[in-house]
Every structure is written in structure tokens, then in C-alpha cells.
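Got your viewer open? Here comes a short walk through the model, one selection at a time.

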Amino acid sequence: MHSTRVEDCKAFVETLIHRYQCNPTELIRILREIQDRYRHVPDAAIEALASQLSLPRSRIVGVIEFYSFLHTAPRGRYDVLLSDSISDHMLGKQSLMDDLCRKLGVAPGVTRADGQVSVDNTSCTGLCDQGPAGLVNGYAVTRLTSGRIDRMVPLINESVPLAEWPSDFFAIDDNIRRADLLLNERPEPGAALAALLERGADALLDEIDRSGLRGRGGAGFNTAMKWRFCREAEGDAHYVVCNADEGEPGTFKDRVLLDSYADQVFEGMTLCARIIGARRGFLYLRGEYRYLLKPLQDLLAQRRQKGLLGDDILGATGFNFDIDIHLGAGAYICGEESALIESLEGKRGIPRNRPPYPVTHGYLGRPTVVNNVETLAAAAAIAVHGGQWFAAVGTAKSKGTKILSICGDCARPGIYEYPFGTPIRDILTDCGAGGTLGIQVGGPSGTFIEPGEYDRRLGFEDLATGGSFMIFDASRSLLDIVGNFTHFFAHESCGFCTPCRVGTSLMKNTLDKIHSGHGTAGDLVELRSLCELIKEHSHCGLGHTAANPIIETLERFPDLYEQRLKAIVFEPGFDLDGALEAARQLTGRDDSAAHLQQVDR
Amino acid sequence: MSEKLRIATTSLAGCFGCHMSLLDIDERLLELVEVAEFDRSPLTDIKHCGPCDIGLIEGGVCNAENVHVLREFRQNCKTLVAMGACAINGGIPALRNSIDLRECLTEAYIDGIGVQNPQIPNDPELPLLLDKVHPIQEVVSVDYFLPGCPPSADTIWKFLTDLIAGREPSLPPELVHYD
């Protein structure tokens, strides 16, 4: 870097550090701003940050390398990322990617020599009902077609600013197809807080308890119990965190809630704050939803003006609470609550050992409630309508409704809200799915069900889901699906523990080897034991579930794997002769000793 | 015992440290040669492997010759063992895997400090390098993995005596615990 650039960079870092009050917990936000300005985090910035925040350089580099949207080498002035989710692939993502790369003269993951553009894959962008989707300089683009790709190429090559791109590229629909309890009722802003102030925090917590509300992120922990634990936990500060790091492939309901029901979500957070005694809250918004940041910040400002946030909320003396939005930087694992808290603290998103749980030792070691977007929206509605209103719907152990994000092979993908207890069959009829191979409920870490199981029901007793509901018709290959999920986990492993970091990559390689017809019976034995090892020995939920797609299909459809095996003892999983090509070129040799047979005869 | 077991050993992309550790079983070597004899091995200088019971492989696979030697061992040895970190993971030689082969060789033979008569060696006698160093189980199937850098003499001894006695080899934690 030229010395003027170094000076400019140092000055920029200086202003950022000043703005963020020299606070190391703001590291990720600072790095995001640097990334935006320089398209990477230059070495000069790392040096300046290390000395001024008194952090080791390795800590800063570690954070940059952890998050997919931060880079140590420059990305293109236009950084195009296409969603790698199975649903995007089913809509033709790969040929669009090839097309785009060819027309721009760029290889995936490698910035073009002139620095103008880079194209790469990214994990599910949460736009599965309007894919193939992607991100251009962090902003979501939807419904990509070869026509759109053709229009995009000159825009990039001629340096047309993003603001002047056709607005239809960035159009995002809610696609709410079925509304029930939650999506039908949209309480007036402030209504839940008025109910809270009228009835008191204790009575309201009892009301939430009466509703039977359980966490909507997938695990289903009782919400009132979580809030009570946190409230009773000792600490000089308490925090509320809304988990909007909706990263499970196939899930996009939080995006819609934050687009059209954000007031209600913020109200749920404020409610929780009053009950647990928090003065500060965070919305952890996944980086892919960056386009929502500005509208959400505007909404927070409006709520402050209306007296729904800030000091003495709705005139109640001492009811002080405000919300800050923290934008993620591309890491699925940050959807895990303790990893999310680490990320909020400006660190790599590595899940903590639990216990202690965040309710007693969360953000900065203080008692913290982390709830899903949908849970908080439901809490606000319960405050207005009462616990009985909610508990009257659903089943014995799963009260209320669940919002599903439906995508894949169906006529009407989108958002569907159903009472718990609804049979899968009814859902398929509503969204127009027929001739199915099966449904993946709960995303890659969830469960695959076959047509014979469509009488099973939505609920914590039977099929729990954070919202992902992916439909596959009979033309799809189960191994393609399993392969996509396995690649996803290998990419998203946080790298902290060896069984998951190394295991998911080995699992991916072995599966690919078998899938491409180069595997042998020994590889299958190896794959089985590897899956068990990853499941048993990993540090967190990602590792515990990463092998599920393979384990489940190996158990239920062993033929799928066995019919691809070669009847030989062993074949290397890489191209042996191809591995000599570089050396052949360097030495100019092509004699028989300069070649290798793939299989030993 | 009517006939002795046959053991073959080789070092591919390794440092011979594992072989030094094998010698480090000291006087137990005498016990070993009571029940076993060595086929192809740096200890015997036999050039090609005949039918064997046990093959011990040190080092990963970095070039075409390594592939041929490894395959010869696999064809001849009933039980093939990856001995030490490099055979199991590629080890130190695999540190070059993140560097392009051209860069590697250019640095070593063209641009390096003090290089005279710069050229990349291309004699047909020399085995060509693979673009990456691979653990041996990526090239042939492997029956056992003996961890350590190198595995200690006691580890090698425990492993071999188990195997020779017909027991499933099992290493107690103190032999595979390194801190």
C-alpha cells in the first residue's frame, strides 16, 4: 500500500475508534466499516487497531478470518455472492454462477485482476422463496435469471453505482400465504407496553407463563421460565438479545417479521427488558439482512420519539431501555446463543461451554435473555391479548402457532403460519406440493421425512422446526441434497474443536468420493465411523447435528450409497495423475515415469 | 513358532525419526528378531518387498515414487500400518501444501539465495513431485494408525507385541498423551 493510503487508513481507523469509544467489544462493527471502505481490512488497519484497542494482532486477524464477510485481501469493487442453499441450486443457481463468471471473466473466489469484481458462493441468504438469490456488496438481490445476469454484467463493468441499479433487482416480497394468530394481529405500537404498565411486570410474566410460549428458534425452551431465571440472576446489569441471525438454510420467517412486524419484535424486547430489569438490548441481525438495517434503525428512532424506547418509557419513571442493532458478518454458528454473545462482544463466534447459561452469565458475563425474533413478537402479542388467547391454540406441549418458511418444489413458496399440531399433509396441500420425494423439516440439522410420514404433526412432541421447511419432488436426488448440507456444515464449522473442524471436511470429502462413483466398501465403513465420531465428540450443536443427513440416509436408504461403490479394494479420492501435472509442466517431462495410474492393478 | 513373521518398513516423505524410534526399543530388538524377521527395510537394504505380515510406513506421500513404494507395500503386507504423524496427516512435509508447487521449486532452485546454475531439476531418474503431500490413507487403504511424532519406542513395542500376539492393538492413554 502507498504511504498516502496507509495514512488515510490510519486516520480512518482513528475516527472509528473514537466513534466507538475505544471499545474492543465493537471490533466487528469497526472491521465491517473498514471492509466497506477498503474492500478488505488492510494490514495498516490491523496494526492501528491492535495498538489502539490494546488487542493482540492475532485476535484481530482471528476475527477477520472467522467471518465470511471480512477479508484480508481485497474483494472486487463489486462483490457478488450467490446463495449456495439447496433451494437456490434447485432453481438453477449453478448455471447462473457459471454464466456470470464467464461473462465477467472471473473465477469464483478470485478477485478480477483489475479489482473491479469478485464472485463467490455464500451460505443461504434467506431468500429461498424468491431465489436464486445473492448479495451485491452486501445487499440482497432476488429472482436471478440469465436475463438479470446479462443486465448485471455491464452495470458492473461500467461501474454503475449500486443506487442506480434497477430497483427490481432488490425487490423483496414478504410472500405471506397463510396468516394465523400472530400474523393476523398487529397490535398498535405501545399497546403491549401499556398492558405491561397497567398490570405490572409480575402479572405479565405470569401471563406469558400461562400462554405456554416456548422458544421459536428450534430448541423450544419455556420463555417465561427463561425470563424468570434471568430476572432472579445476580448481576450489575441485565441484557435482552434478539437473535435475528437466521442462518439455518431454508429459514426466512425472521426476515419477514423484521420487515413487516418489527415494531412488535422491539416491543417484545422492551417487555422482556422491563421484566428482567435490563436497560440495554441488542438486535443481532445477520449480515445477509443488511438491507433491513437502515429501516430498522429508523424504526428505533421513531420509537424513541414516541416514548417507546429511551428514558421513562411511556412516562413510567425509571423504565429506561434502548436497543442497539449489531450486524453480523456471515457466520451460521452465531445463531447459537453463546456464540452470538461472543460475537456481540467483538470476538470470534465460538460457542461457550454451558453451563453456565446466558441467563446467568451472558453478555459481558451478565444475566442475558437471548430469544428468537418470533418468540419476542409472540410475547408482545400475548401481552396485548392474554395468555389464554395463545394457549387456546396448538397442542398440549406446543402452544400457539409456528411460522414456517416454505421453499423448494411447491407452487406457492413463502410464509405460512400454522397452529401447532397441523399435519404435514395439510401444509403440503396448502402450498401446492405434489409428487414429493420428501420434506426436510428444520433445515440441514433437522429431519428428513418421506411421503409415508405426512400424517406426522408440527410440534415439539413430533416435528420441531425453527421454521425451515424444504420440499423436494421426485426428480431430486437425495444424495445431492445430503451433499449440499454436508458441504454447508464443513463451511460453517467454527474451527474450535478438532472433531468438527477436521471431521466435517473429511466427511465432505468421503461423501463426495462415494457420490462421484470413486468410493469403495472401505470408504463407506470409514464414513460411518467418522459420522459417529463427529456426533459424539464435537463441542456444540453444529457438530452434534452435522452428520445427521448422512447418518439418517445411511440408515434408511443404504442402497443409495451402496449402488455407487466400486468393486475394488481402494481408489484414491483425488486425481493421482493430475496431481503430477504441475511437476510435468515445470520439468517438461512426459515419460512413463511421469504418470501414475489411478487404480493399482 | 514354526515360521517367523515378516516385517517390512519404509520411510516415504518422512525424516527417519520413526525408524530411529523403532531402533530405540533397544535390547527388545533381540526379542523381536526371535519371532520376526525384516523384509524390505532401511535396516536390511532389501530393495523390493516380498509377501509380509506387517508393513510399517513412515512419512506421507509427496512424489510418484512414494506412490509406487506404498502400493508395493500394500500388495505384499497383510497388515499395513501408518507409523507417525507424517504418514497419518502429512506432517511437516505437508506444510508446503498451501504453497503453489511452482513457487516452491522456483524459490528452491531459481530465486533462492546462493543458488548456482539455476534450473528446476528434470532428470528422468528423479521422481516427480505431487502438487500436494498426502497422508498414506488417501492413496491406499490402511489398517492401523500409530500416532506420535515419532511414536515412542514403547508405543511401537506395545503395538507390535499386541499385533504379533494376535491381540487387537490397544494403546493406553500414557502412550498417546503428549503434554
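Is Arg39(A) buried, partly exposed or exposed? Select Arg39(A) and turn on the surface: with a relative accessible area of 25%, this residue counts as partly exposed. Keep in mind as you look around that this is a predicted model. Arg39(A) sits in the loop that runs between helix H2 (27-38) and helix H3 (43-53) of chain A. Check its backbone too: phi is positive, about 65°, even though Arg39(A) is not a glycine.

Now hop over to chain B and pick Asn117(B). Here again you'll find a positive phi, about 50°, on a residue that is not a glycine. Asn117(B) belongs to the loop between H5 and S6 of chain B. At a relative accessible area of 59%, Asn117(B) is exposed.

**Two cis prolines**

Stay in chain B and select Cys149(B) together with Pro150(B). The peptide bond joining Cys149(B) and Pro150(B) is cis, and its omega is about -10°. To get your bearings, look for strand S7 (144-146) and helix H6 (153-164) of chain B, since Pro150(B) lies in the loop between them.

Next, go to chain A and select Arg354(A) and Pro355(A). The bond from Arg354(A) to Pro355(A) is cis, with omega near -5°. You'll find Pro355(A) in the loop between helix H15 (337-344) and strand S9 (368-372) of chain A.

**Rings in chain A**

Time for some aromatics. Over all chains, the structure holds 16 aromatic pairs. For one of them, select Tyr416(A) and Tyr418(A): their ring centres are 6.2 Å apart and their planes are at 0°, so this pair is stacked. Tyr416(A) and Tyr418(A) are both buried, so hide the surface before you look.

Then select Tyr78(A), Trp165(A), Phe169(A) and Phe170(A) as a group. Ring pairs link these four residues into a cluster.

**Where the chains meet**

Colour the two chains differently and zoom in on their contact. How many residues does each chain bring to it? Chain A brings 23 residues and chain B brings 24. Between them, the chains bury about 1,900 Å², and 65% of that is on carbon and sulfur atoms. On the chain B side, highlight Arg71(B), Arg102(B) and Leu128(B): these residues lose the most area to chain A, together 31% of what that side buries.

What else can you look for across this interface? There are eight residue pairs in polar contact, counting pairs with both residues at pLDDT 80 or more, but zero salt bridges by the rule used. On chain B, select helix H3 (64-76), helix H5 (101-111) and strand S6 (129-134), each of which supplies at least two residues to the side that touches chain A. H3(B) gives the most, with five residues. Sorted by class, this side of chain B has 13 nonpolar, six polar and five charged residues.

**Last stop: Asp600(A)**

Finish by selecting Asp600(A), in the segment after helix H25 (581-587) of chain A. Asp600(A) is partly exposed, at 34% relative accessibility. Which residues does Asp600(A) contact, leaving aside its neighbours within four places in sequence? They are Arg71(B) and Gln75(B). Show side chains for Asp600(A) and Gln75(B), and you can trace a polar contact of 2.6 Å between them. Before you go, draw a line from Asp600(A) to Ile568(A): these residues are 32 residues apart along the chain, and their C-alpha atoms are separated by 9.8 Å.

Conventions: Residues numbered from 1 in each chain as written. Chains lettered and ligands numbered in written order. Predicted model: local features only at pLDDT ≥ 70, side-chain atom pairs only at ≥ 80, totals over all residues. Heavy atoms only, no water. Contact = heavy atoms within 4.5 Å. Buried area = accessible area lost by both parts, 1.4 Å probe. Salt bridge = Lys/Arg side-chain N within 4 Å of Asp/Glu carboxyl O. Polar contact = N/O pair within 3.5 Å; in protein donor to acceptor, adjacent residues only side chain to side chain. Helix = DSSP H or I, 4+ residues; strand = E, 2+ residues; numbered from the N terminus. Nonpolar A, V, L, I, M, F, W, Y, C, P; charged D, E, K, R; others polar. Buried < 20%, exposed > 50% of the residue type's maximum accessible area, 1.4 Å probe, protein only. Phe/Tyr/Trp six-rings, centres within 6.5 Å; stacked < 30°, edge-to-face > 60°.
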